[in-house]
Amino acid sequence: MTAPVVDIWWADVDEARDEFVQDLDEVERERLAAYVRDVDKARFLLGVTIVRRVLAARFSLPAAKIDLDRTCAECGKPHGKVRAAGVELSVTHSGELVGVAFSDRPVGLDVEQVDPGLDVDALARMALSAGEAQELSGYDGIAKVRAFTTYWTRKEAVLKATGEGLRGDLRAEVPAGIHVQALEVRADHRAALAVVADEPPLVRLHEAAVVLH
Ligand SMILES: CC(C)(COP(=O)(O)OP(=O)(O)OC[C@H]1O[C@@H](n2cnc3c(N)ncnc32)[C@H](O)[C@@H]1OP(=O)(O)O)[C@@H](O)C(=O)NCCC(=O)NCCS
Ligand SMILES: [Zn+2]
């Protein structure tokens with residue numbers, strides 16, 4: 001089998017523009033309206049717009065004509081993993097960054113801004129395996145928060161690839177058949193990519209500005 005290819009598009013939160021709303025469907029407009037903070041609206045709007053414009057180019061359709069399904073597997077409300085026919089997707093946003101991964105295999109992408117106020121010790125008990133907790137105990141202060149955030153993005157990426165979300169077991173080791181890797185992003189952010197595949201993926205990075213302007 002050939003190695004999976006993953007295309008990742010990154011945008012900066014300040015690239016959002018009001019005109020992007022034109023291409024949103026009804027569900028997305030409601031989701032957008034429900035966010036209270038402008039920065040949350042901007043992150044959501046950018047995620048939707050990157051998905052729509054990249055798929056529009058790929059399928060030679062107008063961005064507004066791309067059918068997206070956001071049905072939550074748990075409750076049926078439209079706040080679940082975003083899905084489109086013929087491609088695997090994962091959307092993530094935190095701090096200054098919005099990212100979308102596209103592949104022919106199930107993918108999970110996660111970015112987190114490093115939060116110096118995080119109660120790392122409490123979270124570590126809930127989220128880390130014994131080996132990881134041991135390794136984390138070698139760090140202090142902000143270095144510990146950074147190290148924890150790296151672990152956290154890896155775990156979320158895996159759970160997003162499988163579609164389980166945070167209902168999955170965070171303390172578990174990475175299951176066989178899933179490749180997870182850290183991605184270099186900007187300072188004070190950590191990111192990871194997980195792909196359900198037997199081989200490591202070929203990762204291609206893109207600037208979302210190409211489709212946003
Ligand atoms: C999915 C989840 C891991 C996201 O973590 P996060 O770091 O807060 O947020 P991120 O920005 O990285 O990811 C958000 C994106 O994940 C996607 N997503 C939502 N649920 C998902 C799931 N179960 N699996 C994979 N991806 C999911 C969505 O596309 C969402 O972006 P969008 O709504 O703007 O399109 C977390 O919110 C979660 O586990 N949610 C599900 C919990 C659950 O089961 N809820 C049931 C409610 S009834
Ligand atoms: Zn739900």
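Ser94 lies across from Leu97 of strand β3. In this predicted model, local features need pLDDT of at least 70, side-chain atom pairs count only at pLDDT 80 or more, and totals for chains, interfaces and linings use all residues. Residues are numbered from 1 along each chain as its sequence is written, and side-chain values use heavy atoms, with hydrogens and water left out.

Strand β3 (residues 97-103) is antiparallel to β2 and is joined to β2 by seven bridges; strands pair if DSSP finds at least two bridges between them. Strands (E, at least two residues) and helices (H or I, at least four) are DSSP runs numbered from the N terminus. Two residues separate the strands of this hairpin, where Gly95 adopts a positive phi near 55°.

Strand β2 also contributes three residues, the largest share, to the shell around ligand 1. That shell holds 21 residues, the closest being Thr92, His93, Glu156, Lys160 and Leu166; a residue belongs if one of its heavy atoms lies within 4 Å. By class, six are nonpolar, six polar and nine charged.

The polar contacts below are pairs of N or O atoms within 3.5 Å.

| Ligand 1 atom | Protein partner | Distance |
|---|---|---|
| Oxygen | Glu156, side-chain N or O | 2.8 Å |
| Oxygen | Lys160, side-chain N or O | 2.8 Å |
| Nitrogen | Lys81, polar backbone atom | 3.4 Å |

Taken alone, ligand 1 exposes 900 Å², of which the protein buries 77%; areas come from the Shrake-Rupley method with a 1.4 Å probe. The elements giving two or more residues to the shell around ligand 1 are β2 (88-94), β4 (107-113) and α5 (141-162).

Definitions and conventions. Chains lettered and ligands numbered in written order. Polar contact = N/O pair within 3.5 Å; in protein donor to acceptor, adjacent residues only side chain to side chain. Nonpolar A, V, L, I, M, F, W, Y, C, P; charged D, E, K, R; others polar.
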